[in-house]
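Here are some short exercises to work through with the model open beside you. Try each task before reading its solution.

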Amino acid sequence: MTVGIIGGGQLGRMMALAGYPLGLDFLFLDRSNDTPAAAVAPTLVGEFTDRRLLRELARRSEVLTFDWENISLESVQALGRRTRVAPPLAALAMSQDRISEKKLFEKLGIPTTRYAAVDSAAALSRALRRVGLPGVLKTRRLGYDGKGQAVVRSAEEAAAAWSRLGGVPLIYEEFVPFDYEVSIIGARSRHGEVAIYPLNRNLHRDGILRLTLAPWSAPTLQRAAARHLRRVLEHFRYEGVLNIEFFVHRGRLLANETAPRVHNSGHWTIEGAATSQFENHLRAILGLPLGATRARGHAAMINLIGEMPRASSGSAIANCIGTTTARLRGRSASLGTSRCWVKPPANETPRRGDCSPRSIRPACASGVRGRASPYRRPSDPRRAGWVAPRQPARSGLPCHRSQCHRRASGHCRPCSPSSARPVHCR
Ligand SMILES: Nc1ncnc2c1ncn2[C@@H]1O[C@H](COP(=O)(O)OP(=O)(O)O)[C@@H](O)[C@H]1O
Ligand SMILES: [Mg+2]
């Protein structure tokens, strides 16, 4: 049985790797044959809007799915009803527009940020009056990893952000001074079975996910997040895995956004949960029974963009998850984004350690130094088996505070290479 996947990025690759033990085959569609997934499965090469290739993908597959949400909705819709696509296209359409997403949250009684649609300079002035300052101006469509966003603290900054981002439909949201961020991932199968993972606590920097700690033990938040997730799953009679990101503000959840697909904050489930999100996504869309979602220990995922981890990452994360030792485990794949999982030894009971940003920041520091390269060939020898690459001379770490107010003015000092901890904004 073949599963057709639109998009051959790292998430698609992980799906295929999770599906081979189930006896499944995979066929991808992507713009290039030089993708993470192309190393593990055949790929049809062409535009995501190429109707001929989409038809071929559909003809050769039992079901179509996707590994990112910015694929062409119209082109997939044009395949007609006889092609089975999961997750449902209605969920895909909702997630492609931040306003539809917010409206859905409101309709389902899921608390979210205050917002206003902005499509003109006059609408922006109205939005500033209605929502207030500070706020975040974002493109409604095609944003990811914090791209197409600007934090706005004054009318002048709003005007500057408008001239940078205006021209496409925007959304203006209140800026939430959150305590921290969490996400929840769950699957609903074709037969209506639902399985929900424990909460992930996420640390973003510059809009990019840098670190996930899971399971994040916060029973009240877990119950609330699972309730919200279930509402979205049932609303769409969903098939597959869905993720919701939340801000935790004054002990309450505020939904930020949702992704109708497997999610980066769920990488830890490969080794850290009884069944990975990738396997459960496939089970869900094929109507197989869902696997258990319980955590097998405490795990952390560090997003190391374009570079291997430094040895010190292990001890910083070990401290963070409250164990004395930790082993860096990982996949050195063909990806610009490397990830590693840390699990405490089996005989050690994990407890929640010091997860303050000060403690986790050094662990993530290596994640910002590397070159961000979206796709890297698997044949790159440095990527085989965690052989540390030769480190380039370091001229200091950049500022780690994503919303640093002194950054733009140049007063935010980079860290000295010898300092144990990043120094900024002092
Ligand atoms: N309204 C907001 N208030 C505070 N921080 C925000 C807000 N919106 C986004 N952010 C920060 O930027 C990150 C990326 O924004 P998000 O809306 O999730 O867009 P993306 O689609 O790029 O992930 C968030 O995880 C959060 O850290
Ligand atoms: Mg996000």
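**Exercise 1.** Find how strand 2 and strand 3 pair, and place the pair in its sheet.

Solution. Strand 2 (residues 25-30) and strand 3 pair in the parallel sense over three bridges; strands are DSSP runs (E, at least two residues) and helices are runs of H or I with at least four, numbered from the N terminus. Two strands count as paired if DSSP finds at least two bridges between them. One bridge to look up is Leu29, whose partner in strand 3 is Leu44. Next, step out to the open sheet: its four strands have the order 3-2-1-4, with parallel pairing. Strand 3 (43-45) and strand 4 (63-66) are at the edges with a single partner strand each, so one side of each has no neighbour in the sheet. From one strand to the next, the twist averages 20 degrees in the sheet of Exercise 2 and 25 degrees here.

Before going on, a word on the model: it is predicted, local features need pLDDT of at least 70, side-chain atom pairs count only at pLDDT 80 or more, and totals for chains, interfaces and linings use all residues. Residues are numbered from 1 along each chain as its sequence is written, while chains are lettered from A and ligands numbered from 1 in the order in which they are written.

**Exercise 2.** Work out the strand order of the antiparallel sheet and find the helices lying across it.

Solution. This open sheet of four strands reads 5-8-6-7. Its edges are strand 5 (115-118) and strand 7 (149-152), each pairing on one side only. Inside, strand 6 (residues 135-139) pairs with strand 8 (residues 170-174) over five bridges, and Gly135 has Glu174 as its bridge partner. Helix 6 (residues 121-131) lies across strands 5, 6 and 8, at about 175 degrees to strand 5. Helix 7 (residues 155-165) lies across strands 6, 7 and 8, at about 170 degrees to strand 7. Angles run from 0 to 180 degrees between N-to-C directions, with axes fitted to C-alpha atoms, for helices over the stretch in contact.

**Exercise 3.** Which residues of helix 6 and helix 7 meet?

Solution. Ala121, Leu124 and Leu128 in helix 6 meet Ala155, Ala158 and Trp162 in helix 7 (contact: C-beta atoms, placed from the backbone, within 7 Å). The axes come within 11 Å and cross at roughly 145 degrees.

**Exercise 4.** Where does ligand 1 lie?

Solution. Domain 2 (114-174) and domain 3 (180-383) both give residues to the shell around ligand 1, so ligand 1 lies between them; the bounds come from an automatic or database domain assignment.

Notes
Two residues are in contact if their C-beta atoms, placed from the backbone, lie within 7 Å.
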